[in-house]
Protein chains: 2
Amino acid sequence: MDIVLLGSGNVATHLGKGLKGAGHHIVQVYSRNKAYASALASLLKADTIDNITAIRQDADLYILAVTDEAIPPLAEELSPAITGIVVHCSGATPLAVLHHFSRYGVIYPPQSISKTVEADLSKIPFGIEGNDTSTSQYLLELMQKISSLSFLCSSQQRLALHIAAVFANNFSNALFQISHDILKQHELPFDLLKPIIAETAQKIQNNQPKDVQTGPAKRGDQQTIRKHLDFISENSNWVKIYQQLTEEITIQNR
Amino acid sequence: MDIVLLGSGNVATHLGKGLKGAGHHIVQVYSRNKAYASALASLLKADTIDNITAIRQDADLYILAVTDEAIPPLAEELSPAITGIVVHCSGATPLAVLHHFSRYGVIYPPQSISKTVEADLSKIPFGIEGNDTSTSQYLLELMQKISSLSFLCSSQQRLALHIAAVFANNFSNALFQISHDILKQHELPFDLLKPIIAETAQKIQNNQPKDVQTGPAKRGDQQTIRKHLDFISENSNWVKIYQQLTEEITIQNR
């Protein structure tokens with residue numbers, strides 16, 4: 001399959017490598033960031049394109065792996081004469097932003113893909129959507145060769161998955177940073193909490209999270225909760241987060 | 001070493017097994033919950049005690065592995081004539097609640113230890129405190145045989161570690177439950193997020209959390225943030241948590 005990659009960020013990089021590894025040809029890489037585009041194109045043995053009119057019209061697949069905001073204008077710039085499938089990779093962007101193409105869809109990885117960390121695509125359950133059954137099925141088969149966890153979903157389900165991933169990944173990572181900062185303030189290494197963080201993630205692989213909850217909020221231990229709130233009282237944002245998540249654990253515990 | 005275990009919950013169970021495994025004798029198990037006490041005593045080949053006056057005065061170590069609230073009254077009931085070391089296992093309880101004994105301290109596991117999940121004590125960095133240098137050193141040597149990660153800390157550092165563990169473990173686990181519930185509402189399996197949760201915990205083993213942050217809050221993507229808040233608008237607690245953690249990521253990103 002001949003593939004044109006639009007974008008040169010984290011998702012473009014990992015998807016490009018994955019698809020090339022599965023035997024497909026990445027024929028062109030287009031990106032506004034010329035340095036990133038040539039680096040990625042060189043890695044994928046593809047041509048670098050910095051003018052959108054130079055994009056080939058005869059590829060089988062066009063992957064818009066750019067930020068959510070950049071998807072609609074980029075889709076507008078692409079020739080509607082393209083007959084290959086055009087997809088984006090966003091959790092929160094409607095399928096319909098690609099409606100002026102004849103075949104279009106979404107390949108959404110509910111994963112936090114960062115450049116600094118190697119990604120194992122085979123462990124990512126890509127959410128697949130197409131504008132019709134044959135396109136959905138085509139994209140599903142393509143992606144299942146890269147990750148057998150890939151699955152068909154609706155736009156509504158994709159958005160739910162995106163939001164759930166923000167809670168599970170972005171927000172828990174923000175909590176890890178708070179714990180890092182609390183330890184640092186008291187001259188303790190973040191290493192002390194790495195085992196508990198690993199264990200917390202491990203436990204929910206075979207249990208529903210609320211069934212393995214522990215701690216003062218779960219026990220309704222108001223004395224400890226007050227002591228903790230007093231200890232972090234100088235950071236009003238941490239206090240609010242502490243109170244709100246304590247309230248949430250109380251609700252989950254009912 | 002002859003050890004008396006006071007308590008029969010999660011921490012008592014795992015510490016009892018760990019210390020017995022390291023060659024010590026658990027001579028008595030005392031607990032108000034008679035059924036738990038006999039089950040644990042039988043496991044540890046110890047005597048069950050349900051009357052506190054029957055506790056031996058000649059053991060080397062007394063471990064109060066009970067809830068934070070239960071520590072002060074239990075310490076009051078124990079004979080001050082005890083010459084062995086008396087310790088509690090709480091992150092948030094002052095060392096001084098044990099001051100009427102001659103030697104006392106704390107063995108604090110900053111870990112979420114639940115009965116349903118096997119605990120590997122060798123991966124837990126026990127925070128150790130004693131009322132004097134020799135007691136601290138004695139407890140440190142004892143616990144380092146069970147976990148080489150054990151370390152000396154002050155009361156203030158122990159409380160900081162406890163609070164940091166609440167953020168890193170209890171609160172992130174509450175977020176995992178929210179993501180579980182969002183998926184369930186849209187007929188998606190929680191399994192979809194297990195890889196990203198494992199990856200989130202894995203990433204911070206070698207990176208500072210804020211350096212591997214991704215997502216709409218990190219990008220300042222207000223359009224996606226509004227879309228998400230609208231999607232979860234029926235749950236006011238989730239909305240507040242979403243807003244507060246988005247604000248926190250913005251601050252961490254500065």
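**Exercise 1.** Find the turn and the shift that lay chain A on chain B, and the C-alpha of chain A nearest the axis.

*Solution.* A turn of 180° with a shift of 0.0 Å along the axis lays chain A on chain B, at an RMSD of 0.0 Å (least-squares superposition on the C-alpha atoms of residues with pLDDT of at least 70 in both copies). The two copies are thus related as by a two-fold rotation axis. In chain A, the C-alpha nearest that axis belongs to A:Ser172, 2.4 Å from it.

The model is predicted: local features need pLDDT of at least 70, side-chain atom pairs count only at pLDDT 80 or more, and totals for chains, interfaces and linings use all residues. Residues are numbered from 1 along each chain as its sequence is written, chains are lettered from A and ligands numbered from 1 in the order in which they are written, and side-chain values use heavy atoms, with hydrogens and water left out.

**Exercise 2.** Give the strand order of the open sheet in chain A and name its edge strands.

*Solution.* Strands are DSSP runs of E, at least two residues, and helices are runs of H or I, at least four residues, numbered from the N terminus. The order of the eight strands is S3-S2-S1-S4-S5-S6-S7-S8, with mixed pairing (two strands pair if DSSP finds at least two bridges between them). Strand S3 (47-49) and strand S8 (151-152) of chain A are the edges, each pairing on one side only.

**Exercise 3.** Describe how strand S6 of chain A is joined to strand S7 of chain A.

*Solution.* S6 (residues 104-108) and S7 (residues 127-130) of chain A run antiparallel and are joined by four bridges. A:Ile107 has A:Ile128 in S7(A) as its bridge partner.
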